[in-house]
Amino acid sequence: MATAVYLSNLSALTVNTVNLLDQCTSLTFTNTKESLEKTSFGSTSRVFTAGLFNNTLTMTLYNSFASGETYATLKNLVGVQTTVVATTVDGAVTTVFTLTDCYLESLPVVNGSLGELSTVDIVFTGGVYSVA
Amino acid sequence: MTYIIVSHKVGTPGDEFIPAAGINVAALLSGGFIIESTKTDKKPAKPKVSKPPGPTTEGNNSDEE
C-alpha cells in the first residue's frame, strides 16, 4: 500500500498570466535534460552525459471562443515565447512550477467530434524550468 | 508605457498590469485582456518661491551731526 499519494489537481494555472485553470482537464509538465552519448571503445555499457534542457509542457483545455477564454488566450501565442505557471497543493505543501520563455508551435483552432465537447491539446516546448 | 487590466482572468479589472519576465504583452493586448493606459504624466506646477524679506530702506536712527 502506498504511503504517500496525491490526488491529481492544480490550484492555479496561468498561460501568459491568463488564468486557464477552469478550462484545463489534463497537464503534463516534464523536466528534461537531453542525453549525449559518450560511450567509447572499452565500455561494456552505453554511457550518457547531460546535454541541454529541453522541457515540455502539454495540456488539454476545453476550447472556447468566448472573450477572454481559451482561443483568445492562445491564438496570439503561436510562434512566440511565453510563460506558463502551474501550482500544485499536496496537503500543506504548495509547489509552483514555472516554464519561462517556452514556445508554442501549433494550436488546433478547430477540433470537434459529434456529441463531444471541443478540446485542444497543446504543447509548449523549451524554456527555462524553475520550481519554488 | 502603462497597462490597465481589463479581464478578470489576468487580475482585478482597473488595476495596473505590470508584466513579469517572459510575458508576451502584445498577445495580451490583442486578446483584449489588458489595454494601454491613456493617462499622461503631468509635470508638477512650478512651486511658488516666496522672496525672503529684504533690507529696509528706512534711515538709521543715528544722530548725524
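# Close-up views of chains A and B

**View 1. Phe17(B) and the residues around it.** In this predicted model, Phe17(B) touches Thr17(A) of the other chain and, within chain B, Tyr3(B), Ile4(B), Ile5(B), Val10(B), Ile23(B), Leu28(B) and Ile34(B), when residues up to four places away in sequence are not counted. Phe17(B) has its place in strand E2 of chain B, and with a relative accessible area of 8% the residue is buried. One of the residues touched by Phe17(B) is Ile5(B); these two are 12 residues apart in sequence, while their C-alpha atoms are 5.7 Å apart in space.

**View 2. The sheet of chain B.** Three strands of chain B form an open sheet in the order E2-E1-E3, and their pairing is antiparallel. Strand E2 (16-17) and strand E3 (34-36) of chain B stand at the edges with a single partner strand each, so that one side of each strand has no neighbour in the sheet. The pairing between strand E1 (residues 3-5) of chain B and E3(B) is antiparallel and runs over three bridges. Within this part of the sheet, Ile5(B) stands opposite Ile34(B) in E3(B), and both Ile5(B) and Ile34(B) are among the residues that Phe17(B) touches.

**View 3. The interface between chain A and chain B.** Contact between the chains involves 18 residues of chain A and 12 residues of chain B. The area buried between chain A and chain B is about 1200 Å², and carbon and sulfur atoms give 53% of this area. Asn16(A), Thr17(A) and Asn76(A) supply 40% of the area that chain A buries against chain B, which is more than any other three residues supply. Thr17(A) is also the residue of chain A that appears among those touched by Phe17(B).

**View 4. The side of chain A that touches chain B.** Between chain A and chain B there are five residue pairs in polar contact, with both residues at pLDDT 80 or more. The elements that give two or more residues to this side of chain A are strand E2 (18-19), helix H1 (70-74), strand E7 (81-90) and strand E8 (93-104) of chain A. Of these, E7(A) provides the largest share, with three residues. By residue type, the side of chain A that touches chain B divides into four nonpolar, 10 polar and four charged residues.

**View 5. Lys9(B) and its two salt bridges to chain A.** Side chains of opposite charge can pair when their charged atoms come close. The count between chain A and chain B is two salt bridges. In one salt bridge the side chains of Lys9(B) and Asp22(A) meet at 2.9 Å, N to O; this pair crosses between chains, from Lys9(B) in the loop between E1 and E2 of chain B to Asp22(A) in the loop between E2 and strand E3 (24-30) of chain A. The side chains of Lys9(B) and Glu69(A) also meet in a salt bridge, at 3.3 Å, N to O. Asp22(A), Glu69(A) and Lys9(B) are thereby linked in a network of salt bridges. Lys9(B) counts as buried because its relative accessibility is 5%, under the 20% limit, whereas Asp22(A), at 52% relative accessibility, counts as exposed. Lys9(B) and Glu69(A), by contrast, are both buried.

**View 6. The salt bridge between Glu37(A) and Arg46(A).** Over all chains the structure holds three salt bridges, and in one of them the side chains of Glu37(A) and Arg46(A) meet at 2.5 Å, N to O. Glu37(A) counts as partly exposed at 41% relative accessibility, while Arg46(A), at 62% relative accessibility, counts as exposed. For the pair Lys9(B) and Glu69(A), Lys9(B) lies in the loop between E1 and E2 of chain B and Glu69(A) in the loop between strand E6 (56-62) and H1 of chain A, so that pair joins two chains.

**View 7. Thr87(A) in strand E7 of chain A.** Thr87(A) is found in strand E7 of chain A, the element that gives the largest share of the side of chain A that touches chain B. With a relative accessible area of 10%, Thr87(A) is buried. When residues up to four places away in sequence are not counted, Thr87(A) touches Leu10(A), Ser11(A) and Ala12(A), together with Thr94(A), Thr95(A) and Val96(A).

Notes: Residues are numbered from 1 along each chain as its sequence is written. Chains are lettered from A and ligands numbered from 1 in the order in which they are written. This is a predicted model: local features need pLDDT of at least 70, side-chain atom pairs count only at pLDDT 80 or more; totals for chains, interfaces and linings use all residues. Side-chain values use heavy atoms; hydrogens and water are left out. Contact means heavy atoms within 4.5 Å. Buried area is the accessible area (1.4 Å probe) that two parts lose on being put together, summed over both. A salt bridge is a side-chain nitrogen of Lys or Arg within 4 Å of a carboxyl oxygen of Asp or Glu. A polar contact is a pair of N or O atoms within 3.5 Å; within protein, one must be able to donate a hydrogen and the other to accept it, and residues adjacent in sequence count only if both atoms are side-chain atoms. Helices (H or I, at least four residues) and strands (E, at least two) are DSSP runs, numbered from the N terminus. Ala, Val, Leu, Ile, Met, Phe, Trp, Tyr, Cys and Pro count as nonpolar, Asp, Glu, Lys and Arg as charged, and the others, Gly among them, as polar. Two strands pair if DSSP finds at least two bridges between them. Buried means under 20% relative accessible area, exposed over 50%, partly exposed in between (1.4 Å probe, protein chains only).
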